[in-house]
Amino acid sequence: QVQLVESGGGLVQAGGSLRLSCAASGITFITFSRYTMAWFRQAPGKEREFVALIRWTDSSTSYVDSVKGRFTISRDNAKNTVYLQMNSLKPEDTAVYYCAARLSDASYYRSDQYNYWGQGTQVTISS
């Protein structure tokens with residue numbers, strides 16, 4: 001059973017940076033390397049939205065328009081970990097950020113397309 005654990009959330013001022021990490025357990029690093037990994041976020045009163053994904057074959061990435069140029073998703077297969085570097089943070093980035101995984105190589109943008117989820121980490125940006 002795959003388990004995902006996020007960390008790195010916190011409270012920062014607008015314009016600041018955070019790096020989120022998502023560590024996967026219950027799988028080997030070879031298997032982890034075959035997962036499409038993604039980050040979603042959910043703000044109070046809003047639906048969970050796609051933020052970024054990274055595929056396993058060529059590590060190609062995709063981002064929601066609102067974070068392009070500010071966020072970078074990356075992965076370290078040897079550590080079974082995916083990261084989300086968030087720069088130039090804005091108050092509207094405030095949300096609970098979730099890591100998600102699917103054992104397949106494609107670009108999935110809907111939350112119902114992912115099989116495994118972490119518990120989430122809170123990110124709060126003050127103005």
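**Note on the disulfide, cores and aromatic rings**

1. Cys 22 and Cys 99 are both buried. The model is a predicted one, and these two residues form a disulfide with an S to S distance of 2.1 Å. The structure holds one disulfide. The torsion about the S-S bond is -80°, which makes the link of Cys 22 and Cys 99 left-handed.

2. What does this link tie together? Cys 22 belongs to strand 3 (residues 18-25) and Cys 99 to strand 9 (residues 95-102), so the bond connects parts that are 77 residues apart in sequence.

3. Strand 3 and strand 9 also appear among the elements that give two or more residues to the largest nonpolar core. That core has 29 residues, and those with the most contacts inside it are Met 37, Trp 39, Leu 84, Met 86 and Tyr 97. Besides strands 3 and 9, the elements giving two or more residues are strand 4, strand 5 (49-54), strand 7 (71-76), strand 8 (81-86) and strand 11 (121-126).

4. Leu 84 is worth checking in the viewer. Neighbours within four places in sequence aside, Leu 84 is in contact with Leu 18, Arg 19, Leu 20, Trp 39, Val 51, Ala 52, Phe 71, Thr 72, Ile 73 and Tyr 97. Trp 39 and Tyr 97 are, like Leu 84, listed with the most contacts inside the core.

5. A second core, separate from the 29-residue one, has seven residues, including Ala 38, Phe 40, Tyr 108 and Tyr 114.

6. Phe 40, Tyr 108 and Tyr 114 also belong to an aromatic cluster, where ring pairs link them with Phe 50, Tyr 98, Tyr 109 and Trp 117. Two of these rings have Arg 48 over them. Arg 48 lies over the face of Tyr 98, 3.7 Å from the ring centre, and its charged end sits over the ring of Trp 117, at 4.8 Å from the centre.

7. How many aromatic pairs does the structure hold? There are eight. One of them, Tyr 35 with Tyr 116, is tilted, with 6.3 Å centre to centre and 55° between the planes. This pair links distant parts of the chain: Tyr 35 is in the loop between helix 1 (29-32) and strand 4 (36-42), while Tyr 116 is in strand 10 (residues 116-117), 81 residues apart.

8. Are the two rings of that pair buried or partly exposed? Tyr 35 counts as buried because its relative accessibility is 5%, whereas Tyr 116, at 22%, counts as partly exposed. The cut-off that separates the two classes is 20%.

Methods. Residues numbered from 1 in each chain as written. Predicted model: local features only at pLDDT ≥ 70, side-chain atom pairs only at ≥ 80, totals over all residues. Heavy atoms only, no water. Phe/Tyr/Trp six-rings, centres within 6.5 Å; stacked < 30°, edge-to-face > 60°. Helix = DSSP H or I, 4+ residues; strand = E, 2+ residues; numbered from the N terminus. Buried < 20%, exposed > 50% of the residue type's maximum accessible area, 1.4 Å probe, protein only. Lys NZ or Arg CZ within 6 Å of the ring centre and 35° of its normal. Disulfide = S-S within 2.5 Å. Core = buried A, V, L, I, M, F, W, Y, C linked by side-chain atoms within 4.5 Å. Contact = heavy atoms within 4.5 Å.
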